[in-house]
Amino acid sequence: MTATRATLQGGCHCGAIALAFSTALVPADTVPRACDCSFCRAQGAAWVSDANAQLIIHAHRPERLRRYRQGSLAAQFLLCGECGVLVAVVFEDGERTYAAVNTGCLEKRDAFAPTASASPQRLSPEEKLARWRQLWIGEVSVQLM
């Protein structure tokens, strides 16, 4: 039996960045991960991902798409430079991009289960990258319009 896929829509507040997260995850049964690093805590980020999902990020106003690195510098947080909304985090591994979505930017943000704490800063750099490759969305496209 094949799982039914749904596309969760989201983006920043001002409309400069939109995203479409196509996944078989059921929001009510999905526990977002609240990273305990200082940046994610300051943003109130709660992350969801699905290794079998697809994520398309549309930067309708590419000049507003900001990339921010912190901590190990391996991942890039994608934010809107106008309204400040954090939409996703990406990790580029050769030709492939992996990502996780901040539930706070999704239209159905309140449909998800309560968050659980995650502490990736306790992992070694190699463990962190292996975890991202395993858990994060493996089909990612960032489109600058």
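This is a short talk about the cores, one sheet and the aromatic rings of this structure.

Okay, hi everyone. Keep in mind that what we have here is a predicted model.

Let's start inside. In soluble globular proteins, nonpolar side chains tend to be buried together. Here, the largest nonpolar core has 24 residues. Ile17, Leu19, Phe21, Leu55, Val87 and Val101 have the most contacts inside it. Which elements give two or more residues to this core? They're strands S2, S5, S7, S8 and S9. Take valine 101: even if you skip its neighbours within four places in sequence, it's in contact with a bunch of residues, including Leu19, Phe21, Leu55 and Val87. Another core, of 16 residues, lies apart from the largest one, and Cys35, Val89, Phe91 and Trp132 are among its members.

Now the sheet. Four strands make an open sheet, in the order S1-S2-S5-S11, with mixed pairing. S1 and S11 stand at the edges with a single partner strand each, so one side of each has no neighbour in the sheet. From one strand to the next, the twist averages 15°. S2 and S5 pair antiparallel over six bridges, and leucine 19 stands opposite isoleucine 57 in S5.

Last bit: the rings. The count comes to six aromatic pairs. One of them is phenylalanine 39 with phenylalanine 77, a tilted pair, 4.5 Å centre to centre with 50° between the planes. That pair links distant parts of the chain: phenylalanine 39 is in helix H1 and phenylalanine 77 is in strand S7, 38 residues apart. Are these two buried or exposed? Both are buried. And together with Trp47 and Tyr68, Phe39 and Phe77 form one aromatic cluster.

That's it from me, thanks!

Technical notes: Residues are numbered from 1 along each chain as its sequence is written. This is a predicted model: local features need pLDDT of at least 70, side-chain atom pairs count only at pLDDT 80 or more; totals for chains, interfaces and linings use all residues. Side-chain values use heavy atoms; hydrogens and water are left out. A nonpolar core is a set of buried Ala, Val, Leu, Ile, Met, Phe, Trp, Tyr and Cys residues joined through side-chain atoms within 4.5 Å. Buried means under 20% relative accessible area, exposed over 50%, partly exposed in between (1.4 Å probe, protein chains only). Contact means heavy atoms within 4.5 Å. Two strands pair if DSSP finds at least two bridges between them. Axes are lines fitted to C-alpha atoms, for helices over the stretch in contact, and angles run from 0 to 180 degrees between N-to-C directions. Rings of Phe, Tyr and Trp (its six-membered ring) pair if their centres lie within 6.5 Å; planes under 30 degrees apart count as stacked, over 60 as edge-to-face and the rest as tilted.
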